[in-house]
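Student: I should like to go through this model step by step, with the reasoning behind each answer. May we begin?

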Amino acid sequence: MNATLGIMSLTPETISSYYQGIGEKSIEYNIDLYLFSPHDISPTNEIVEGYYFDKEKVEWCKEAFEIPEFIYDRTFYTKDFTSKQAKAIVQWLKNKPEVAFLGYGLPDKWRQYQTLKGSPLSSYIVATELVESGEQLLEVLVKEKDLIMKPIDGAHGFAVYHLSITTDGIVVRTTKKSNVIHRPFKYKSAFIQWVDQLIKNHTFIVQKRLTNLTNNGRPFDLRVLLQKDQNGNWHTVERGIRLGAKDGILTNISAGSTVITVNKWKKELSHFQWDYIETELDEILELMPSLLEKEFAPLFEIGVDFIISEDNSLWILDMNSKPGRKLVQSLSPHKLDALYHAPLKYCEHLFTTRYSTIDRGDF
Ligand SMILES: Nc1ncnc2c1ncn2[C@@H]1O[C@H](COP(=O)(O)OP(=O)(O)O)[C@@H](O)[C@H]1O
Ligand SMILES: [Mg+2]
């Protein structure tokens with residue numbers, strides 16, 4: 001019996017090299033592979049109008065099929081109505097007992113923070129507050145002077161604001177189409193008004209801006225990609241440094257950052273105590289995946305952003321359950337084959353575990 005695995009994306013890209021790669025590797029597995037959007041499921045008969053990976057033609061072909069038993073969720077939502085609808089369908093799928101997701105995703109940044117601040121990883125978590133009003137944010141800004149404000153459900157550096165108090169007053173900076181734009185506020189009341197307006201549509205969190213700048217003012221961070229292997233055990237696939245633009249705010253690759261190997265960076269920034277930092281990093285990575293799965297839900301892969309601050313302190317900044325592959329593409333293209341195999345191997349693992357459990361009569 002073949003397992004059925006569906007890659008789920010809001011815009012099923014049959015031209016994606018990642019999905020094509022998984023498709024080509026699927027030939028070696030007893031897995032029927034599909035690609036579809038949550039919108040492609042008919043609510044009346046639960047038939048999906050999507051794509052099937054034809055192992056003979058080695059390409060995606062249009063097909064109608066039943067909802068696959070396993071789902072690799074690669075959906076990225078926006079604020080629009082279609083996204084909201086898709087989210088509801090995905091939630092409905094997650095609640096279907098006969099369907100298993102490779103990973104169930106992570107909650108928003110605020111819920112992540114609330115859970116992790118009381119965990120063994122608490123000393124690596126940046127103190128964070130929910131932005132409730134312009135006045136409250138002004139109070140925090142007056143105290144801390146240098147802040148980052150970002151949406152609780154943001155991604156790719158979207159709507160990340162750098163707030164600071166300078167001799168000219170309050171300055172808000174953000175990134176639009178890879179350019180940093182400044183907005184000075186002469187009057188506190190104008191700043192308060194601006195914040196109150198902004199938080200009407202999005203929920204924001206605020207935290208200290210960590211000092212992650214190189215000597216020439218480029219922000220950098222350390223990105224780690226973790227995945228489960230064929231036995232369901234976690235391992236690190238890649239580590240790399242992301243280096244943002246001079247005087248920039250973001251280190252997201254989608255915002256134009258470049259990627260450098262950790263070894264090269266260690267030579268470049270040799271004043272850091274790398275042995276100490278890397279020991280801590282290993283300890284965190286050992287703890288983190290199982291902790292997240294215990295607190296939230298099962299996961300298949302995680303992309304973690306770490307900031308290394310100028311005082312050698314290490315901070316867990318952001319955790320993503322739908323990480324990109326650009327780090328591996330740039331630093332270790334020879335690992336791409338393994339990346340294509342990974343969801344198939346893990347699906348096979350889930351499939352065997354599922355059916356061996358049934359065989360044992362555990363249900
Ligand atoms: N507290 C902070 N201090 C310094 N830089 C930050 C801070 N928070 C975010 N950033 C910068 O903004 C980027 C995006 O923030 P992040 O929390 O990773 O959200 P996302 O990647 O989901 O948009 C980070 O990669 C980092 O470069
Ligand atoms: Mg991030």
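Tutor: Let us start with an aromatic residue, bearing in mind that this is a predicted model. F220 has a relative accessibility of 1%. Buried means under 20% relative accessible area, so F220 counts as buried.

Student: With which residue does F220 form an aromatic pair, and is that pair stacked, tilted or edge-to-face?

Tutor: The structure holds 21 aromatic pairs. In one of them, the ring centres of F220 and W265 are 5.1 Å apart, with the planes at 55°. Planes under 30 degrees apart count as stacked and over 60 as edge-to-face. The angle of 55° therefore makes the pair of F220 with W265 tilted.

Student: How many residues apart in sequence are the parts that this pair ties together?

Tutor: F220 belongs to strand 13 (residues 220–228), whereas W265 belongs to helix 6 (residues 262–268). W265 is itself buried, at a relative accessible area of 1%. The pair thus ties together parts whose separation in sequence is 45 residues.

Student: Which residues form one aromatic cluster?

Tutor: The cluster brings together tyrosines and a phenylalanine. Its members are Y18, Y19, Y72, F300, Y340 and Y346.

Student: Which protein residues are donors of the magnesium ion (ligand 2), and at what distance do they lie?

Tutor: Both protein donors are aspartates, each contributing through OD. They are D305 and D318, and their distance from the ion is 2.1 to 2.2 Å.

Student: In which strands are these two donors found, and how many residues apart are they?

Tutor: D305 is in strand 16 (residues 301–308). D318 is in strand 17 (residues 314–320). The pair links distant parts of the chain, and its members are separated by 13 residues.

Student: Are D305 and D318 buried or exposed?

Tutor: The relative accessibility is 4% for D305 and 12% for D318. Since the limit for a buried residue is under 20%, D305 and D318 both count as buried.

Student: How do the axes of helix 4 and helix 5 cross: roughly parallel, roughly antiparallel, roughly perpendicular or oblique?

Tutor: The axes of helix 4 (residues 134–144) and helix 5 (residues 188–201) come within 8 Å and cross at roughly 120°. Angles of 65 to 115 degrees count as roughly perpendicular and those over 145 as roughly antiparallel. The crossing falls between these ranges, which makes helix 4 oblique to helix 5.

Student: Is the crossing of helix 4 and helix 5 left-handed or right-handed, and which residues meet there?

Tutor: The crossing is right-handed. On the side of helix 4, the residues are G134, E135, L137, L138 and L141. They meet the following residues of helix 5: K188, F191, I192, V195 and D196.

Student: Is G134 buried or exposed, and which residues does G134 touch?

Tutor: G134 is placed in helix 4. With 0% relative accessibility, G134 counts as buried. Leaving aside residues up to four places away in sequence, G134 touches F191, I192, V195 and D196.

Student: Where is K145, and what is the value of its phi?

Tutor: K145 is in the loop between helix 4 and strand 8 (146–151). Its relative accessible area of 43% makes K145 partly exposed. Most residues other than glycine have a negative phi. K145 has instead a positive phi, near 75°.

Student: Where is K177, is K177 buried or exposed, and what is its phi?

Tutor: The loop between strand 10 (169–176) and strand 11 (179–185) contains K177. Its relative accessibility is 81%, and exposed means over 50%, so K177 counts as exposed. K177 also has a positive phi, near 50°.

Student: Is E238 buried or exposed, and which residues does E238 touch?

Tutor: E238 lies in strand 14 (residues 234–243). A relative accessible area of 8% means that E238 is buried. Beyond residues up to four places away in sequence, E238 touches R223, V224, L225, L327, V328, L331, S332 and K335.

Student: What separates D282 from T236 in space, C-alpha to C-alpha?

Tutor: D282 is found in helix 7 (residues 274–295) and is partly exposed, at a relative accessible area of 40%. In sequence, D282 and T236 are 46 residues apart. In space, their C-alpha atoms are 9.7 Å apart.

Methods
Residues are numbered from 1 along each chain as its sequence is written. Chains are lettered from A and ligands numbered from 1 in the order in which they are written. This is a predicted model: local features need pLDDT of at least 70, side-chain atom pairs count only at pLDDT 80 or more; totals for chains, interfaces and linings use all residues. Side-chain values use heavy atoms; hydrogens and water are left out. Donors are N, O and S atoms within 2.8 Å of the metal (3.2 Å for Na, K and Ca); water is not among the atoms, so sites may look incomplete. Helices (H or I, at least four residues) and strands (E, at least two) are DSSP runs, numbered from the N terminus. Buried means under 20% relative accessible area, exposed over 50%, partly exposed in between (1.4 Å probe, protein chains only). Rings of Phe, Tyr and Trp (its six-membered ring) pair if their centres lie within 6.5 Å; planes under 30 degrees apart count as stacked, over 60 as edge-to-face and the rest as tilted. Axes are lines fitted to C-alpha atoms, for helices over the stretch in contact, and angles run from 0 to 180 degrees between N-to-C directions. Angles under 35 degrees count as roughly parallel, over 145 as roughly antiparallel, 65 to 115 as roughly perpendicular and the rest as oblique. A crossing is left-handed if the near helix is turned anticlockwise from the far one by less than a right angle, and right-handed if clockwise. Contact means heavy atoms within 4.5 Å.
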